[in-house]
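Dear colleague,

I am handing over the structure below for your review. The findings follow directly after it, arranged by topic.

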Amino acid sequence: MSQVRISGCSSHNDPRAITAFKYMVLCKIMRNAKDEINQLLNGKYGLKYSSHAEVVAIKEIADANFQGSIVALRDALKKHPEVEADEVLNTHVQGLYETLLEKNLNKIIETYTRVELSHIAKKIRLDEATV
């Protein structure tokens, strides 16, 4: 949905405005458009919806993504069960989780010729089964 759509929904206090805003931010996360996310979050609708649980959750997901932190993303998902309840958001965030996990693992293991899973799991602060 576009800013125009959010504007129309927002002016009528339509609950779909928050969903539209959340998905706009999600699109920016998936495109790695950090500056655009900051513009959205600091803009008219970002400020208006900043205390809404879904917007807080998507902001924490964006922060974790740009930090490259699988632990921060995992913590955000545990803290915000509403992400799992939204099928669209959950599907994309799980893909993001897998991508971050892969990047984190590659960063750690590229310096080794042999690795022990328990050591890698401790370094990345995840359980061995996940690694």
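Which residues have the most contacts inside the largest nonpolar core? They are Phe 21, Val 25, Ile 29, Ile 70 and Leu 73, and the core itself has 33 residues. Please bear in mind throughout that this is a predicted model.

**The nonpolar core**

Two or more residues of this core come from each of the helices α2 (16-30), α3 (34-42), α5 (53-67), α6 (70-79), α8 and α9. The most is given by α8, with 8 residues. Ile 29 is one of the residues with the most contacts inside the core. When neighbours within four places in sequence are set aside, Ile 29 is in contact with Ile 37, Ile 58, Ile 61, Ala 62, Asn 65 and Leu 96.

**Phe 66 and Asn 32**

Phe 66 has its place in helix α5. With 27% relative accessibility, Phe 66 counts as partly exposed, because the partly exposed class runs between the buried limit of 20% and the exposed limit of 50%. The C-alpha atom of Phe 66 is separated by 8.5 Å from that of Ile 29, although the two residues are 37 residues apart along the chain. Not counting residues up to four places away in sequence, Phe 66 touches Asn 32, Ala 33, Lys 34 and Ile 37. Ile 37 is also in contact with Ile 29.

Asn 32, one of the residues touched by Phe 66, lies in the loop between α2 and α3. Its relative accessibility is 49%, so Asn 32 counts as partly exposed. The backbone of Asn 32 also deserves attention. Most residues other than glycine have a negative phi. Asn 32 is not a glycine, yet it has a positive phi of about 55°.

Where else is a positive phi found in a residue that is not a glycine? Arg 125 has a positive phi of about 60°. This residue lies in the segment after α9. Arg 125 is exposed, with a relative accessible area of 56%.

**Salt bridges**

Side chains of opposite charge can pair when their charged atoms come close. How many salt bridges does a search of the whole structure find? The search finds 7, and three of the pairs are described here.

In one pair, the side chains of Asp 86 and Lys 22 meet at 2.5 Å, N to O. Asp 86 lies in the loop between α7 (82-85) and α8, whereas Lys 22 lies in helix α2, so this salt bridge ties together parts that are 64 residues apart in sequence. Are these two residues buried or exposed? Both Asp 86 and Lys 22 are buried. They also belong to a network of salt bridges in which Lys 22, Glu 54 and Asp 86 are linked.

Another salt bridge joins the side chains of Lys 79 and Glu 60 at 3.1 Å, N to O. Since Lys 79 lies in helix α6 and Glu 60 in helix α5, the pair ties together parts that are 19 residues apart in sequence. Lys 79 counts as exposed, at 56% relative accessibility, whereas Glu 60 is partly exposed, with a relative accessible area of 22%.

A further salt bridge is made by the side chains of Arg 74 and Asp 75, at 3.7 Å, N to O. Arg 74 counts as partly exposed at 21% relative accessibility. Asp 75 is partly exposed too, with a relative accessible area of 38%.

**The surface**

Which residues make the nonpolar surface patch of about 230 Å²? The patch is made by Ile 109, Tyr 112 and Val 115. Tyr 112 is found in the loop between α8 (87-109) and α9 (117-124). It is partly exposed, with a relative accessible area of 33%; a patch takes residues with over 30% relative accessible area, so Tyr 112 passes that limit.

Val 88 lies in helix α8, the helix that gives the most residues to the nonpolar core. Val 88 is itself partly exposed, with a relative accessible area of 41%. The C-alpha atoms of Val 88 and Pro 15 are separated by 17 Å, and these two residues are 73 residues apart along the chain.

With kind regards

Conventions
Residues numbered from 1 in each chain as written. Predicted model: local features only at pLDDT ≥ 70, side-chain atom pairs only at ≥ 80, totals over all residues. Heavy atoms only, no water. Patch = residues over 30% accessible without salt bridge, like charges linked within 9 Å, V, L, I, M, F, W, Y side chains within 5 Å. Areas by Shrake-Rupley, 256 points an atom, 1.4 Å probe, with all protein chains shown as cover. Salt bridge = Lys/Arg side-chain N within 4 Å of Asp/Glu carboxyl O. Helix = DSSP H or I, 4+ residues; strand = E, 2+ residues; numbered from the N terminus. Buried < 20%, exposed > 50% of the residue type's maximum accessible area, 1.4 Å probe, protein only. Core = buried A, V, L, I, M, F, W, Y, C linked by side-chain atoms within 4.5 Å. Contact = heavy atoms within 4.5 Å.
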